[in-house]
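Hi everyone, thanks for having me. I'd like to walk you through one structure today, strand by strand. Let's put it up on the screen.

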Amino acid sequence: QVQLVESGGGLVQAGGSLRLSCAASGRSVSSYDWGWFRQAPGKEREIVVAISWSRVRTYYADSVKGRFTISRDNAKNTVYLQMNILKAEHTAVYYCNALRTWPRIAMDAWGQGTLVTVSS
C-alpha cells in the first residue's frame, strides 16, 4: 500500500520561501515520474511541477516557473518542492503523487497534503 506524507507547509509572507517534503512509502521515487499538485480554495486540484524518473524531464506550470524547483532524494525516498518568491496566489494545499500519465494524472490515493498560506 502506497502512503504519501507531505510536510513543510506553513504561513509565510509574500516574497518568502518554503521547502515542502513528500515522504513516500510503498513506491520508489526513483522508479516513477512524480509531481506536486495544489488545490486552492474553491478550485480543482492541479499539477504544479513534475520530474521524470530519469530526472531528464521536468514540467513547471507557468505561474511557478523561475520560482519553484522540484527535486528528490532517492536514498530517503522523498520528493521536495522548493518554493521561492512566494505570492498570495500560491496559497493552497499542496500534495505529491506519482504520475500515471505525464505530467498531470496522478497514480495513487492522495495524502493529507500540506497547507501553504502566503500573506500579502
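Here's something to look for while you get your bearings: which residue stands opposite Leu115 in β11? Take a moment. It's Val93. Before we go on, keep in mind that this is a predicted model.

So where does that pair sit? Val93 belongs to strand β9, residues 92-101. Strands β9 and β11 run antiparallel, and three bridges join them.

Now stay with β11, which covers residues 114-119. β11 also pairs with strand β2, residues 10-13, but in the parallel sense, over four bridges. In that pairing, Gly10 stands opposite Val116 in β11.

Next, look at where the side chains of β11 go. Which residues make up its covered face? Those are Thr114, Val116 and Val118, while Leu115, Thr117 and Ser119 make up the uncovered one. If you wonder why you get that every-other-residue pattern, it's because side chains in a regular strand alternate between the two faces of the sheet. So our two examples fall on opposite sides: Val116 is on the covered face of β11 and Leu115 on the uncovered one.

Okay, over to another part of the fold. There's an open sheet of four strands, in the order β1-β3-β8-β7, with antiparallel pairing. Its edge strands are β1, residues 3-7, and β7, residues 68-73, and each of them pairs on one side only. Neighbouring strands in this sheet are turned by 15° against each other on average, ignoring direction.

Let's zoom in on one pairing there. Strand β3, residues 18-25, and strand β8, residues 78-83, pair in the antiparallel sense over six bridges. If you want one spot to click on, try Leu20: its bridge partner in β8 is Leu81.

Now zoom out. How many helices and strands does the protein chain have? Zero helices and 11 strands. Reading along the sequence, you just get β after β.

What about the overall dimensions? The C-alpha trace spans about 40 × 25 × 25 Å along its principal axes. The radius of gyration is 13 Å, and a compact globule with 120 residues would be near 14 Å, so the two agree. Of those 120 residues, 44% count as buried. The accessible surface comes to about 6100 Å², and 48% of that belongs to carbon and sulfur atoms.

One last number: take the contacts between residues at least 6 apart in sequence, and 55% of them join residues at least 24 apart. That's my tour, thanks for listening!

How values were computed: Residues numbered from 1 in each chain as written. Predicted model: local features only at pLDDT ≥ 70, side-chain atom pairs only at ≥ 80, totals over all residues. Heavy atoms only, no water. Pairing = 2+ DSSP bridges. Axes fitted to C-alpha atoms, helices over the stretch in contact; angles between N-to-C directions. Buried < 20%, exposed > 50% of the residue type's maximum accessible area, 1.4 Å probe, protein only. Rg over C-alpha atoms; globule rule 2.2 N^0.38 Å. Contact = heavy atoms within 4.5 Å. Areas by Shrake-Rupley, 256 points an atom, 1.4 Å probe, with all protein chains shown as cover.
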